[in-house]
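Student: Could you take me through the aromatic side chains of this protein in some detail? I would like a close look at how the rings are placed and what surrounds them.

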Amino acid sequence: MSAHTIFDNAPIGSIVAWSDGTPQPPTRFRKKLAAWQSSNSRGRLIRKQGGRGVGNVSLSACFTLHEIDYGAGGVIAIRVHRTFSLESKLHFTVVERPAIGSVRVLDRPGDDAELVHLATNQVDAQEWLTRYGYPHAVLEEVTADEAGADIIEERKVA
């Protein structure tokens, strides 16, 4: 799939993989493997942003994936996000869509919202919010209508 297809069709909370099409080098080549992994990985879709302008600069639409967290003892020290422009030449695949009944916890209302947590249900989402507190959080349940739209429009995972 192209970046446009992910932007248009993948729901927030989906696991998306990306690839440049090159074969994975053997693990003994650590530097080559690290370089390959930067163009061949996966992450959770947390944000979609339409095109926008800043002064004389025009920025194209893009989407952001949460790739990995680094930390210890329950404390996240570094969170790795990857933002892809719709002009990206990489190949994308939806690996997994959010389950029906799961609840997206978005950091704020509106089109510029970012997924901060994907809970299994409403109770888990409320509990997570009491622990981590986002004052302007919005809870959004994944409905059967979303899954139904995928079937009607003949969208498939992967």
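Tutor: Happy to. One cut-off helps from the start: a residue counts as buried when its relative accessible area is under 20%, as exposed when that value is over 50%, and as partly exposed in between. Please keep in mind that this is a predicted model.

Trp128 shows the cut-off at work: its relative accessibility is 10%, so Trp128 is buried. Tyr132, with a relative accessible area of 48%, is partly exposed because that value falls between the two limits. These two rings form an aromatic pair, with 4.9 Å from centre to centre and 35 degrees between the planes, which makes the pair tilted. Both residues belong to helix H3 (residues 122-132), where they are 4 residues apart, about one turn of the helix.

The whole structure holds 6 aromatic pairs. Another of them joins Phe63 and Phe92: the ring centres are 5.3 Å apart and the planes meet at 75 degrees, so this pair is edge-to-face. Here the partners come from distant parts of the chain, with Phe63 in strand E5 (residues 62-72) and Phe92 in strand E7 (residues 91-96), 29 residues apart. Phe63 has a relative accessible area of 0% and is therefore buried; Phe92, also at 0%, counts as buried too. Together with Trp18 and Phe84, these two phenylalanines make up one aromatic cluster.

Now for the surroundings. In soluble globular proteins, nonpolar side chains tend to be buried together. The largest nonpolar core in this model has 20 residues, and the members that touch the most others are Ile6, Leu45, Phe63, Leu65, Phe84 and Phe92. Two or more residues of this core come from each of helix H1 (3-9), strand E1 (15-19), strand E2 (41-49), E5 and E7. The top contributor is H1, with 3 residues.

Phe63 is a good place to zoom in. Setting aside neighbours within four places in sequence, its contacts include Ala3, Ile6 and Phe7, as well as Leu45, Phe84, Leu86 and Phe92. Polar and charged residues are on the contact list as well, among them Arg47, Lys48, Arg82 and Thr83.

A second core, separate from this one, has 6 residues, including Val103, Val105, Ala125 and Leu129.

One last ring deserves a look, this time for its charged partner. The charged end of Lys32 sits over the ring of Phe29, at 5.1 Å from the ring centre.

Technical notes: Residues are numbered from 1 along each chain as its sequence is written. This is a predicted model: local features need pLDDT of at least 70, side-chain atom pairs count only at pLDDT 80 or more; totals for chains, interfaces and linings use all residues. Side-chain values use heavy atoms; hydrogens and water are left out. Rings of Phe, Tyr and Trp (its six-membered ring) pair if their centres lie within 6.5 Å; planes under 30 degrees apart count as stacked, over 60 as edge-to-face and the rest as tilted. Buried means under 20% relative accessible area, exposed over 50%, partly exposed in between (1.4 Å probe, protein chains only). A charge sits over a ring if NZ of Lys or CZ of Arg is within 6 Å of the ring centre and within 35 degrees of the ring normal. A nonpolar core is a set of buried Ala, Val, Leu, Ile, Met, Phe, Trp, Tyr and Cys residues joined through side-chain atoms within 4.5 Å. Contact means heavy atoms within 4.5 Å.
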